[in-house]
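This report describes selected features of secondary structure, burial and backbone geometry. The sequence and the structure are shown first.

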Amino acid sequence: MEALFDLRNVRKVYRMGEERIVALEDISITFEKGKIYCLLGTSGSGKSTLLNMLAGLEKPTKGSIIFMGKPLEKLNEKQLALYRQRYVGFVFQSYNLLPTLTALENVTLPLTFRKIKKRERVKRARVMLKAVGLGNRARHKPSELSGGQQQRVSIARAFINNPQVVFADEPTGNLDTRTTFEMMDLIIGIARERQQTLVIVTHDTEIAQYADQVIHIRDGSIESITERKAIMNQSEIGNEDENKNATDGGNGNEETIV
């Protein structure tokens, strides 16, 4: 597959007075087009910092982040804003919907910034809302929607521009278990159908099962990388053990996904 991002020896250091905090240390990795990635790690591991680097929200202290052949760290703020506008979609844990706007208006926002005519914006937004199961909620404001419905609006907004990459930062953190799997099935399904790259940040190993590649991050470094085949094999082993436990009266140990 063709590379979308190519990170070369990326390092990020924050300065707090005289103290220096190393958030990322010598990260080198390639993200390919059309694949699903999971940045997996505990709070403070550096996974969100890495996502911010990819999204052009922060620049590395050292190293390079190449996006489709162009180094992001060399772009100015205006160029980075255009990069996010044209190529990037976001799904947030807290949804980040504007409370005074309807679901339809929230979804059309990225198109508004691209100066697409209103009739076309509305047409595309209605198609996306229907795709996420909210065709009959277009005129509802966020306060009139459940958490799961608000996240559906957020997902529709993230994909409305048909971006090259969608970043999902703890996208199910505020949802119950049933809604979590519904949202993951939805976002993965759209990304697969459109052959778009999806980068998910999470600490949840169950969410990691959805990825083609899981990048385990600890203390600002890549600890290991697990490919989908290995994830699936471990999941199958876990299922076999569960079945064995049920037969034996539940005396075995459960297997983790990653």
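Helix α3, spanning residues 103–113, is mostly covered, with eight of its 11 residues buried. This description, like the rest of the report, rests on a predicted model. The buried positions of α3 are A103, L104, N106, V107, T108, L109, P110 and L111. Packing against these buried residues are two further helices, α4 (118–131) and α5 (147–159). In general, an α-helix has 3.6 residues a turn, so residues three or four places apart point the same way.

Positive phi values occur at the positions tabulated below.

| Residue | Phi | Location |
|---|---|---|
| K115 | about 60° | just after α3 |
| N162 | about 50° | loop between α5 and β7 (165–169) |
| Q195 | about 55° | loop between α6 (177–194) and β8 (197–202) |

Neither N162 nor Q195 is a glycine. Q195 counts as exposed because its relative accessibility is 67%, above the cut-off of 50%.

The model also contains an open sheet of four strands, ordered β2-β1-β4-β5, with antiparallel pairing. The edges are occupied by β2 (19–32) and β5 (70–71); each has a single partner strand, so one side of each is left without a neighbour in the sheet. Strands of a sheet pair through backbone hydrogen bonds, in either a parallel or an antiparallel manner. Between β4 (residues 62–67) and β5, which run antiparallel, there are two bridges. Within this part of the sheet, F67 lies opposite K70 of β5.

Note on methods
Residues numbered from 1 in each chain as written. Predicted model: local features only at pLDDT ≥ 70, side-chain atom pairs only at ≥ 80, totals over all residues. Heavy atoms only, no water. Buried < 20%, exposed > 50% of the residue type's maximum accessible area, 1.4 Å probe, protein only. Contact = heavy atoms within 4.5 Å. Pairing = 2+ DSSP bridges.
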